[in-house]
Amino acid sequence: MRERFLRNLRAVEAVLAGASLTDTARDMQIAPSTLSRLVRRTRTLGVLACVPHGTYSRERELHPAFQEVIRRLYLLPTKLSMTAIAEHAELKRTARRVQEDTGTAIPLPTYEQVRGYVRLLKQEPQVRRSREQVKGPLRDRQSPRSFALSIPAPAQLAQVDEHSLELYVVTPDGIPVTHQVHAAVLICVKTAAIMSAVLALGPLKEEDYMRLVKGMLEPKDRLVLQAGCQHPWPCLGKPAVIFHDRGKIFTSERARQVLVDRLGIITEQAPAYCPSAKGTVEALFRWMTQRFERRLPNTSHGIHDAEAAAKAGAMTLEELERYFYRAIVDDYQQSWDGLRRQIRSVFWEEAVRQTGVPQYLGAPDDLKLLLMKAQNRKAGSHAYRVHDGSRLSFQGHWYVCPGLLSRLSKREFEIYYDRRDISVIYLFVEGKYVGEAYCQAFMGQRVSEWEAAAMRKHDREKAKAAATASVEVRARMQEEIEETKKQRRRASRAREQARQFDRQREEIHPPHVLETLESLAPDTASSLRLPKATPDPAKEYPVQQLAIRYREREMEP
């Protein structure tokens, strides 16, 4: 403080001696406005005006444990609001933990305290980059060698990401499903070999990420056989670390439970706006766009009318998956990698022979638990039951399994299914796999959840159009029926009249009946015309004249 006082005093004395205020402020490293204020105050108060104001710092009333929790909640990928942070249950758990440790109850932070600390956090550059999506600086090279080549073993580090393809997909009946396909890929960084890949006709969900993890852990011989690939796909194993971005399907609670708690895989999140951190999988998506998507006949890239692309390509999901896996196995895996200086599939096999790859050692049936679990909204327990003792209703379709469903007729069970193929569902009782049930309507074909929804929507539209047409037919029928009713009534009256006339014929009655009818018949008049009217004779009837009474005269006294 003494140094600042002496500096201010020297600057004021120089200005009062005739020196320039601007030059003196620049030499003394003082703002010109501050020096001008000091000169004015010195002329009024004297040397005391050069004494600087006292500075001090005060500890925050917010407990350090609460500060740490608020910082962690503020940096979550879900971007909680200040109200959500102030009402979060983690603050209450922290308060209980601090009370158990210190024996003193501390109050929960108020909204104003949370708001003030969040304002302080916003001033930190690292927090701003993470929370407010500020682009981070480019990462410098850490070593002269490539990071991919420095990884000691295959599948030790894997990268996962999602990508969208502008492709038009239809059902086998030609019903349009979507014009955008979503793909997710998990790739080994050391060998650049693809360990798993899935396609979805809608936005990716947690279940699609679980399908990707399931494909990473199990062999792909059946998939290669269905796609008709010329080469094998031997890439499988359990990675040590999976590197992902801030996508919700990768950072969800279920993904953490499955990967970290059950499988023991470490998950790491890439920094925001830094695609170079996931360079291997980003390069794969460039190949996918240039070498696969834009070379298909059903692509909508550069075509304004997506329906025209559908008519040109007319590709179903099964055909698209077949070409997709063939492009991965027979094209990408067999291509030369310039950085690694080897064919990717060969490099994977050589690396596996040298160091090996950790494998999934659990039961294969347990992997079905990674699929999507169905929720029965009509039951409080969200479980399913057998109908009619032999069949099961699921998503508007009937599923059968002759030997299994009859034994489960009085028990509750859970259903897991693959969104890619709902022709088969997997049944679990108390967490144990018991069997499968098959849809009779989809027997012999693989139908995805999206295709089934498109077919149901198309069928509803056709049924509505047919119902509208049948309404008009029924209206015309009602009009014709009304006209026919009138005609029938007229015909009925004519028949009844003819019947009455037939009853009056003499030849159908015996003689004694005819005699009775003649006795009961009224006398017939000689003529139906009335006689001629004759007026009454004049003055034939006596007439009595009535006296006239006058009201005015009667009222006089």
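Which side chains meet in a salt bridge at 3.0 Å, N to O? They belong to Glu 282 and Lys 278. Keep in mind as you look around that this is a predicted model. Below is a quick tour of its charged pairs, its aromatic rings, its surface patches and a couple of contacts across the sequence.

**Salt bridges**

- A search through the whole structure turns up 21 salt bridges, and the pair you just met is a good place to start.
- In that pair, Lys 278 counts as buried because its relative accessible area is 5%, under the 20% cut-off.
- Its partner Glu 282 has 29% relative accessibility, so Glu 282 is partly exposed.
- Another salt bridge joins Glu 218 to Lys 214, and here the closest N and O atoms are 3.0 Å apart.
- Glu 218 is partly exposed, at 25% relative accessible area, whereas Lys 214 is buried, at 15%.
- Arg 446 and Glu 321 form a salt bridge too, with 4.0 Å between the closest N and O atoms.
- That pair links distant parts of the chain, since its two residues are 125 residues apart.
- To find them, look for Arg 446 in the loop between β15 (432–439) and α18, and for Glu 321 in helix α15 (residues 317–332).
- Arg 446 is partly exposed at 27% relative accessibility, while Glu 321 is buried at 5%.
- Some charged residues go beyond pairs: Asp 208, Arg 211, Asp 418, Arg 419 and Glu 449 are linked in a network of salt bridges.

**Aromatic rings**

- There are 10 aromatic pairs in the structure.
- One of them is Phe 394 with Tyr 399, whose ring centres sit 5.9 Å apart.
- Their planes are at 65°, and anything over 60 degrees counts as edge-to-face, so that is what this pair is called.
- Both partners are tucked away: Phe 394 is buried at 3% relative accessibility, and Tyr 399 is buried at 0%.
- Tyr 416 and Phe 428 make an edge-to-face pair as well, because their planes are at 70°; the ring centres are 5.1 Å apart.
- Tyr 416 sits in strand β13 (residues 414–418) and Phe 428 in strand β14 (residues 421–429), so this pair ties together parts that are 12 residues apart in sequence.
- Here again the two residues are buried, with Tyr 416 at 9% relative accessibility and Phe 428 at 1%.
- Rings can also gather in groups: Trp 233, Phe 292, Phe 324 and Tyr 325 form one aromatic cluster.

**Patches on the surface**

- Helix α18 (residues 449–503) is where you'll find Lys 485.
- Lys 485 belongs to a patch of positive charge on the surface, together with Lys 486, Arg 488, Arg 489, Arg 490 and Arg 493.
- How buried or exposed is Lys 485? With 34% relative accessibility, Lys 485 counts as partly exposed.
- The surface has a nonpolar patch too, made of Val 473, Met 477 and Ile 481.
- Together, those three residues have about 230 Å² of accessible area.
- Met 477 is also in helix α18, and Met 477 is partly exposed, with a relative accessible area of 44%.

**Apart in sequence, but what about space?**

- Thr 171 lies in the loop between β2 (169–170) and β3 (176–178).
- How many residues separate Thr 171 from Ser 448 in sequence? The answer is 277, yet the two C-alpha atoms are 9.6 Å apart in space.
- Thr 171 is buried, with just 1% relative accessible area.
- Ser 150 is in a loop as well, the one between α8 (125–131) and β1 (157–165).
- From Ser 150 to Lys 190 you count 40 residues along the sequence, but 8.0 Å in space from C-alpha to C-alpha.
- Ser 150 is partly exposed, at 39% relative accessible area.

Key. Residues are numbered from 1 along each chain as its sequence is written. This is a predicted model: local features need pLDDT of at least 70, side-chain atom pairs count only at pLDDT 80 or more; totals for chains, interfaces and linings use all residues. Side-chain values use heavy atoms; hydrogens and water are left out. Patches are made of residues with over 30% relative accessible area and no salt bridge: like charges are joined within 9 Å, nonpolar side chains (Val, Leu, Ile, Met, Phe, Trp, Tyr) within 5 Å. Accessible areas come from the Shrake-Rupley method with a 1.4 Å probe; for residues, only the protein chains shown count as cover. Lys and Arg count as positive and Asp and Glu as negative; His and the chain ends are not counted. The place of a charge is taken as NZ of Lys, CZ of Arg, CG of Asp or CD of Glu. Helices (H or I, at least four residues) and strands (E, at least two) are DSSP runs, numbered from the N terminus. Buried means under 20% relative accessible area, exposed over 50%, partly exposed in between (1.4 Å probe, protein chains only). Rings of Phe, Tyr and Trp (its six-membered ring) pair if their centres lie within 6.5 Å; planes under 30 degrees apart count as stacked, over 60 as edge-to-face and the rest as tilted.
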